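Visitor: Could you take me through one part of this model slowly, helix by helix? I'd like to see how the packing is put together, residue by residue.

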Amino acid sequence: MKNFLIYIAKIILVTILLAIVLDGLYSAMFIQCKNRGKIDQIYNSEGRKYDVVILGSSRANNHFVAPMFEEKGLKTFNYGMSGSHLFETALMLKLMIERKYQIKNVILEADLNLSGSDQSEGIASRFLPYIHNSNVIKEHFQTQEHFNELYYIPFYRYIKYEIRIGFREMFFNAIHKKTIHLNNLGYNPLDGVENGNMKNNIVKLNPLPHNKYYEEIKSICKANNINLIVVMTPMCENVKGMNYFEKVKKAYPEIHNYENAVVENKYFSSCGHMNDTGARMFTARILKDFFNK
Amino acid sequence: MFFNSIAFAIFLPIVFFLYWFVFNKTKSTQNALLIIASYYFYSCWDWRFLFLLVFSTFLDYYTGIQIEKGKSEKSRKFWFWLSIIVNLGFLGIFKYYNFFASSFSDLLNSAGIKASPILLNVILPVGISFYTFHGLSYVIDIYYKRIKAEYNFVDYSLFVSYFPLLVAGPIERATHLLPQVKVKREFNFETAKEGVYQIIWGLVKKVVIADTCATYANAIFDHYTSMNSFSLIMGAIYFAFQIYGDFSGYSDIALGVSKLFGLDLLRNFNYPYFSRDIAEFWRRWHISLSSWFRDYLYIPLGGSKGGLWMKIRNTFIIFVVSGFWHGANWTYVVWGFINAVYFLPLLLSNSNRNNMDAIVLKWNFDSAKVIMSILYTFLLTCIAWVFFRASTITDAFSYLKRIITDRHFGSQYLENERYNYELLLLIGVFVLVEWNNRNKVEPLSGKKSLLKLSLAIAAILAFGTYSDYKEFIYFQF
């Protein structure tokens, strides 16, 4: 029995050592890569200067045509991330500040994402490879459930989120395989889709009266002298519960309501996402309203 | 509580410690602890079904004794049939009632008679097919005087409800397991080490092979109408490895865990995808079920004795019943039927026992023929698996038809955000490892075992699929 217990102890030790080695290897591969996505691009850069930085979910990523800002002479990048919530948006901004970015204006898309303050696991997990190398990432996750496991158990985060940051993603990072996320200055144009889903039901959505991460973004901008422009972006016509946008306006009067800026279905790829033509119309309107000097 | 869960990783060492350090005085204390642990293990799914398990155990225990004590043949027959009817009755109600009710109603509707079936809102108790078969084999063996009835209820209960085999087998025989639980187990380092190897290799099969293949197989089968020929072929192959990794992985863990407690269970898989014909496949796949049906259904029906039609009838019965055992769906029945069709030519030409020897390859034409026959058997198996995996028979036929008619063999991006070919390398490595170790129970023991063990653990950590957590397929049966 004694021999067996020693044998089991050896296996446990081997497992722990392997976890530590794999954790180090994976983290090193993620950290050295800067062409896979927006997070690694920010992590691996420093002191960038922007006139405009765009933040938010896919409704920012697919709606703000960053090259149109550049044509106006405004150095811009669209850091909107499809599937992200305000938890990740706030962290993106914090990471930029940690990396000493100098930003004049932040355009934040805040509408449907104001209804919750939880994290979007699929996107939040993409910050985890850097958790031991960035204080803001560590602190941002500290309030989250499972932080201790994610932070202290070696390799646990790569196992828990293996679909997002597992072997496959680590391998692509190791070989610097490019993605489309950084094309078009971060703007991801959508095609018009015939018979796309032009219906949406947001009746059950309600904006939180005090969204923690939205308030955090506001205070970061204030502390860093960044002009914050918060907008609600368009939805297609056939939406049940459209008064949601009025409720947002009531709770947060500073948010500009552009839900009606583009209405016809032909400008939409799906109900919550405009196609490239719609996005260009919308961006032109934003440029006219906020940057028309 | 799944074998690949944190809960089990806590449960197992606690039971192991209590078994060898606290309850190790006599075989009775050892058995009592294993029963308590087994009942706790089972109640983690649904404690209400524990009563069914205990009732089934008591029924077979009592009827077994009554059969043995029976002075007249009439009395023996009465207790025998009582046990058979009640056991199969439970299985019928919980597993098959809704299927028969809706099938009967469909039949009436198709004949123009309007009928709506009265369906029961029942959950299938985990492992009912497995522990019912344990009990049945015990009672049948007593009736035919192959074994003596067990008078110690604790020992008998452990035979039926021993937790490593409780929910998904292997289906044990009283002749094999009961003698082991009748004696006090002594710890053996080498046996326990073998158990650890089997547990770790079982985990590799489950989380690295089965669960990873599952994400691809599901993405392809669930959207087969938009898949090209290459994706559909890959889907069938991925499912073949999913079900093999899942079930044989479970069996490996069960056997390995049992070795830690000094109990040897029946081997359930013997590298089935290296079979040279379908008959050999069925000697290597789910061995405990195949041999159960052979001993308790095929042979009593007359086996391969009798005339040609008897042979054909018995072959179809055993395969169709085996398919039906897997689940209350016509797809399983057709899967069994297809395997019977595959098997029949071998039976009729008396070549079903041709490939009993070990596979040895050399650089000659005969070896090339062996490889071709292995690939051909795998192809047949994959075609049958399409029926096993598809939701309906129509879906299965459409799936196979589309492989032939689509004729596009390019890469395709799947719903799981992966390309259809991405797992080929992993499967290739797995097949090579199994091939090189096909004469052993698992590939980790032997020379450089620590290195092989480390690689297996690294594979579990790095290549395992965890975020899309999957149950063991055979739990539903």
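Guide: What follows is a walk through the helix packing in chain B, ending where chain B meets chain A. Keep in mind that this is a predicted model, and that every number below is computed from it.

Let's set the scene with the record. The unreviewed UniProt entry annotates "transmembrane region" on residues 6-23, 32-58, 78-97, 118-144, 332-349, 370-388, 419-437 and 449-467 of chain B. Two of those spans make a nice pair to look at. Residues 6-23 of chain B are 94% helix and 0% strand, with the end C-alpha atoms 24 Å apart. Residues 419-437 of chain B are 68% helix and 0% strand, and there the end C-alpha atoms lie 30 Å apart.

Now for the packing itself. Two packed helices are described by the angle between their axes and the distance between the axes. Start with α3(B), residues 50-69, and α4(B), residues 73-110: their axes come within 8 Å and cross at roughly 165°. Angles over 145 degrees count as roughly antiparallel, so that is what α3(B) and α4(B) are to each other. Their crossing is left-handed. On the α3(B) side, the contact uses B:L52, B:S56, B:L59, B:D60, B:T63, B:Q66 and B:I67. Facing them from α4(B) are B:R76, B:W79, B:F80, B:L82, B:S83, B:V86, B:N87 and B:F90. Sort that contact by class and you get 8 nonpolar, 5 polar and 2 charged residues.

Stay on α4(B), because it also packs with α5(B), residues 128-143, at about 170° with the axes 10 Å apart. That pair is therefore roughly antiparallel as well. From α4(B), the contact draws on B:R76, B:F80, B:S83, B:I84, B:N87, B:F90, B:L91, B:F94 and B:K95. From α5(B) come B:I128, B:S129, B:T132, B:G135, B:L136, B:V139 and B:Y143. The class count for the contact of α4(B) with α5(B) is 9 nonpolar, 5 polar and 2 charged.

A single residue is worth a stop here: B:S161, found in helix α6(B), residues 153-161. B:S161 has 24 C-beta neighbours inside 10 Å, so it counts as buried; the cut-off is 20 or more. Leaving out residues up to four places away in sequence, B:S161 touches B:I35, B:S38, B:Y39, B:Y42, B:L53, B:T57, B:Y131 and B:L166. For a sense of distance, B:S161 and B:L297 sit 136 residues apart in sequence and 23 Å apart in space, C-alpha to C-alpha.

Last stop, the contact between the chains. Chain B and chain A each put in 17 residues. On the chain B side, α9 (189-221) and α18 (449-463) each supply at least two residues, and the largest share, 7 residues, comes from α18(B). That side of chain B divides into 12 nonpolar, 3 polar and 2 charged residues.

One helix pair spans the two chains: α1(A), residues 2-32, packs with α9(B) at about 25°, with the axes 10 Å apart. Angles under 35 degrees count as roughly parallel, and α1(A) and α9(B) are therefore roughly parallel to each other. This crossing is right-handed. Here A:N3, A:F4, A:Y7 and A:I11 of α1(A) meet B:F189, B:A192, B:K193 and B:V196 of α9(B). By class, that comes to 6 nonpolar, 1 polar and 1 charged.

Terms used. Residues are numbered from 1 along each chain as its sequence is written. Chains are lettered from A and ligands numbered from 1 in the order in which they are written. This is a predicted model: local features need pLDDT of at least 70, side-chain atom pairs count only at pLDDT 80 or more; totals for chains, interfaces and linings use all residues. UniProt positions are given in the numbering used here, feature names are shortened, and annotations may be inferred rather than shown by experiment. Helices (H or I, at least four residues) and strands (E, at least two) are DSSP runs, numbered from the N terminus. Two residues are in contact if their C-beta atoms, placed from the backbone, lie within 7 Å. Ala, Val, Leu, Ile, Met, Phe, Trp, Tyr, Cys and Pro count as nonpolar, Asp, Glu, Lys and Arg as charged, and the others, Gly among them, as polar. Axes are lines fitted to C-alpha atoms, for helices over the stretch in contact, and angles run from 0 to 180 degrees between N-to-C directions. Angles under 35 degrees count as roughly parallel, over 145 as roughly antiparallel, 65 to 115 as roughly perpendicular and the rest as oblique. A crossing is left-handed if the near helix is turned anticlockwise from the far one by less than a right angle, and right-handed if clockwise. A residue is buried if 20 or more other C-beta atoms lie within 10 Å of its own, exposed if 12 or fewer, and partly exposed in between; C-beta atoms are placed from the backbone.
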